[in-house]
Amino acid sequence: MVKKVLKNIYTSLIYLFLYLPIILLIVFSFNDSKYKGSWEGFTLRWYKELLRDSSIMDAVYYTFMIAIIGSIIATILGTITAIAIDSMNKKYKNIYMNTVYLPVMSPDIVIGI
């Protein structure tokens, strides 16, 4: 029982350590102060400034376009590859799958050595 409680506390501390900076960044993005050291009230001013900047909006547009195109290409290639792997001979399928897993296993092998 104590071990489980300690494990939960430890896990909670890890998540807090990982996500607290992100949460603080989000909260302080609504700060009315120009400097992030002190809270001076809630505002959407900085988001309005962000949306007015055409170079940032261009960057957002290209980011989404690249993400959408990349997702479509990855889905098509993944589907074609899955169909090809499914139709392979069992011997070649095993060879291919083991070769594909090699880059995933390499860090573990290196750490083990």
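Reader: Where is the place of isoleucine 56, and how do you know whether to call it buried or exposed?

Author: Isoleucine 56 has its place in helix α3, residues 54–86. This is a predicted model, and in it isoleucine 56 has 31% relative accessibility, so it counts as partly exposed. That label covers what falls between the 20% limit for buried and the 50% limit for exposed.

Reader: How far apart are isoleucine 56 and isoleucine 66, in sequence and in space?

Author: They're 10 residues apart in sequence, and C-alpha to C-alpha they're 15 Å apart in space.

Reader: OK, on to the rings. What makes phenylalanine 28 and tryptophan 39 an edge-to-face pair?

Author: There are 5 aromatic pairs in the structure. In this one, the centres are 5.9 Å apart and the planes stand at 75°. Centres have to lie within 6.5 Å to pair, and an angle over 60 degrees counts as edge-to-face, so both checks are passed.

Reader: Why do you say that the pair ties parts together?

Author: Phenylalanine 28 belongs to helix α1 (residues 2–28), while tryptophan 39 is in the loop between α1 and α2 (45–52), so the pair links parts 11 residues apart in sequence. Both residues are partly exposed: phenylalanine 28 has 25% relative accessibility, and tryptophan 39 has 44%.

Reader: Then why is the pair of phenylalanine 30 and phenylalanine 42 called stacked?

Author: Its planes are at 20°, with the ring centres 5.2 Å apart. Stacked takes planes under 30 degrees apart, so the name fits. Phenylalanine 30 and phenylalanine 42 each lie in the loop between α1 and α2, so this pair ties together parts 12 residues apart in sequence.

Reader: Which of the labels buried, partly exposed and exposed do phenylalanine 30 and phenylalanine 42 get?

Author: Phenylalanine 30, at 23% relative accessibility, counts as partly exposed. Phenylalanine 42 has a relative accessible area of 60%, and exposed means over 50%, so phenylalanine 42 is exposed. Phe30 and Phe42 also form one aromatic cluster with Tyr47.

Reader: What does the side chain of serine 29 make a polar contact with?

Author: Its partner is the side chain of tyrosine 47, at 2.6 Å. The limit for a polar contact is 3.5 Å, so that distance falls inside it. Serine 29 is in the loop between α1 and α2, and with 15% relative accessibility it counts as buried.

Reader: And why is threonine 43 called buried?

Author: Threonine 43 has 14% relative accessibility, and buried means under 20%, so the label follows. Threonine 43 lies in the loop between α1 and α2. Leaving out residues up to four places away in sequence, it touches Phe30, Asn31 and Asp32. The side chain of threonine 43 also reaches the backbone nitrogen of arginine 45 at 3.0 Å.

Reader: What does the charged end of arginine 45 sit over?

Author: That would be the ring of tryptophan 46, with the charged end 4.1 Å from the ring's centre.

Reader: Last one: how do you know that arginine 52 and glutamate 49 meet in a salt bridge?

Author: Their side chains come to 3.3 Å, N to O. A salt bridge needs the nitrogen within 4 Å of a carboxyl oxygen, so this pair qualifies. The structure holds 1 salt bridge. Arginine 52 and glutamate 49 are 3 residues apart in helix α2, so about one helical turn separates them. Arginine 52 is exposed at 61% relative accessible area, whereas glutamate 49 is partly exposed at 41%.

How values were computed: Residues numbered from 1 in each chain as written. Predicted model: local features only at pLDDT ≥ 70, side-chain atom pairs only at ≥ 80, totals over all residues. Heavy atoms only, no water. Phe/Tyr/Trp six-rings, centres within 6.5 Å; stacked < 30°, edge-to-face > 60°. Helix = DSSP H or I, 4+ residues; strand = E, 2+ residues; numbered from the N terminus. Buried < 20%, exposed > 50% of the residue type's maximum accessible area, 1.4 Å probe, protein only. Lys NZ or Arg CZ within 6 Å of the ring centre and 35° of its normal. Polar contact = N/O pair within 3.5 Å; in protein donor to acceptor, adjacent residues only side chain to side chain. Contact = heavy atoms within 4.5 Å.
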